[in-house]
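The exercises below are to be worked with the sequence and the 3D structure open. Each task is followed by its solution in steps.

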Amino acid sequence: MKTRNVSTINNDHAFVEIQGLCPAIVYVKIEALNLAGSVKLKAAVGMIDALEREERIGPNTSLIESSSGSLGVALAMVCAERGYRFTCVIDPNTSEQNRKTIEAMGAELVVVHQRDENGGFLGTRIQYIRQRVADDSNTVWLNQYANPANPAAHYDSTAKSISEKFSDIDYLFIGAGTTGTLMGCKLFFRRYRPETKIVAIDSVGSVTFGFPPSTRYIPGLGTSRRPEIFDPEGLDAMDRVNEADAVTMCRWLARSHGLLLGGSTGSVLAGIHSWRDRIFHKDVVVAISPDLGERYLDTIYSDAWVAKRFGEKPISGDLSFLTGRIAPAVPGTASPPR
Ligand SMILES: Cc1ncc(COP(=O)(O)O)c(C=O)c1O
């Protein structure tokens, strides 16, 4: 049996304190401090552990998953460590860096090129996976959008470590992608810390909170198909953030705090900023940062890339350009008028 410390090294109690977003200090949980560099290592380990527990995986098993980024990297790492074959199904939007990282760890990369009926690639990726699973009974699809082991991993680790760190938490802000992090934390906090308000943040253009799809450029948050594991029951609010605001926030953080964080962190922190009129200075506000900014040097941190998609304003990282709160998805959570 090989040792498994490559995928288990982490620093689950690392938080940075950020001032200037709202009257309170915001404690940001840095999830990138593991060897896969993102929060998705938890989902990867959790889903593979579940297959091993259920004895649904063996030396002849091939794992397959659709991912354009962090989960693909994390799964490639865990599969290399544990000796499983892994196929990552990506599309032309996947960054060169992620492709090379996934391949370097020995995974097979399949690139689909045909757009689906919504103009995206997700439908084509899933169709490809279904075919592979139908053709080969040893191929197992992890399916992070429907797999209960994804939120369970966050219930057991992310939520628990946040709860251990703070005796009182007034607000917990969490981004929504597959909603694994959000659902795992929601279940934990509703059970053990019911006083904490949980605010879910998604990107404008995502369908998860019931809004129509539109073009999105920043990976991490957002979906073009509502995740099966998503259940809004028990969330205190669901807000959406413009991607331009995520960019402004990332750039402000880099210049004012020396913190180079990923796009989904920018969205979550822009969401907190839009709540600043309701947060008191004594409140304890916690947010989850899924990854660091190195993966976004050619996008969010590139002036030319930003100007082409969002115009010049976000380049400055000036918080006065933030557009603020977008129509909330839950009745009764509307912003006070500004
Ligand atoms: C960078 C980044 N941020 C946030 C998320 C969202 O996390 P979750 O899938 O747990 O909702 C993801 C998911 O892929 C991600 O890659």
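**Exercise 1. State whether valine 6 is buried, partly exposed or exposed, and find the surface patch that holds Val6.**

Step 1. Valine 6 has a relative accessible area of 35%. Buried means under 20% relative accessible area, exposed over 50%, and partly exposed in between (1.4 Å probe, protein chains only). Valine 6 is therefore partly exposed.

Step 2. This is a predicted model, in which local features need pLDDT of at least 70 and side-chain atom pairs count only at pLDDT 80 or more, while totals for chains, interfaces and linings use all residues. Residues are numbered from 1 along each chain as its sequence is written, and side-chain values use heavy atoms, with hydrogens and water left out.

Step 3. Valine 6 sits in helix H1, residues 5–8. Helices (H or I, at least four residues) and strands (E, at least two) are DSSP runs, numbered from the N terminus.

Step 4. Together with Ile9 and Leu35, Val6 makes a nonpolar surface patch of about 250 Å² of accessible area. Patches are made of residues with over 30% relative accessible area and no salt bridge; like charges are joined within 9 Å, and nonpolar side chains (Val, Leu, Ile, Met, Phe, Trp, Tyr) within 5 Å. Accessible areas come from the Shrake-Rupley method with a 1.4 Å probe, and for residues only the protein chains shown count as cover.

**Exercise 2. Describe the protein chain as a whole: its secondary structure, its radius of gyration and its buried share.**

Step 1. The chain has 11 helices and 10 strands.

Step 2. For 338 residues, a compact globule would have a radius of gyration near 20 Å, and the 19 Å of the protein chain agrees with this. The radius is taken over C-alpha atoms, and the globule rule is 2.2 Å times the number of residues to the power 0.38. The C-alpha trace spans about 60 × 45 × 35 Å along its principal axes.

Step 3. Of the 338 residues, 57% count as buried. The chain exposes about 14,800 Å², and carbon and sulfur atoms supply 50% of that area.

Step 4. Take the contacts (heavy atoms within 4.5 Å). Among those between residues at least 6 apart in sequence, 71% join residues at least 24 apart.

**Exercise 3. How many salt bridges does the whole structure have, and which parts of the chain do aspartate 12 and lysine 42 link?**

Step 1. Side chains of opposite charge can pair when their charged atoms come close. A salt bridge is a side-chain nitrogen of Lys or Arg within 4 Å of a carboxyl oxygen of Asp or Glu. A search of the whole structure finds 14 of them.

Step 2. Aspartate 12 pairs with lysine 42, with the closest N and O atoms 2.9 Å apart. This pair links distant parts of the chain, 30 residues apart: aspartate 12 is in the loop between H1 and strand S1 (15–18), and lysine 42 is in helix H2 (residues 40–53).

Step 3. Aspartate 12 counts as buried at 11% relative accessibility, and lysine 42 is buried at 12%.

Step 4. In a second salt bridge, the side chains of aspartate 303 and arginine 251 meet at 2.9 Å, N to O. Aspartate 303 lies in helix H11 (residues 303–310) and arginine 251 in helix H9 (residues 243–257), so the pair ties together parts 52 residues apart in sequence. Aspartate 303 is partly exposed at 43%, whereas arginine 251 is buried at 3%.

Step 5. Salt bridges with shared partners join Asp12, Lys29, Glu31 and Lys42 into one network.

**Exercise 4. Explain why cysteine 185 has no bond to cysteine 22.**

Step 1. A disulfide is a pair of cysteine sulfur atoms within 2.5 Å. The whole structure has 0 disulfides.

Step 2. The closest cysteine sulfur to that of cysteine 185 is in cysteine 22, and at 19 Å it is too far for a bond. Cysteine 185 is buried, at 0% relative accessibility.

Step 3. Cysteine 250 is in no disulfide either, as the nearest cysteine sulfur, that of cysteine 22, is 17 Å away. Cysteine 250 is buried at 1%.

**Exercise 5. Which residues of H6 are buried, and what covers them?**

Step 1. The buried residues are Ala149, Asn150, Pro151, Ala153, His154 and Tyr155.

Step 2. These are 6 of the 8 residues of helix H6 (residues 149–156), so the helix is largely enclosed by the rest of the structure.

Step 3. The cover includes H2, helix H7 (158–165) and H8.
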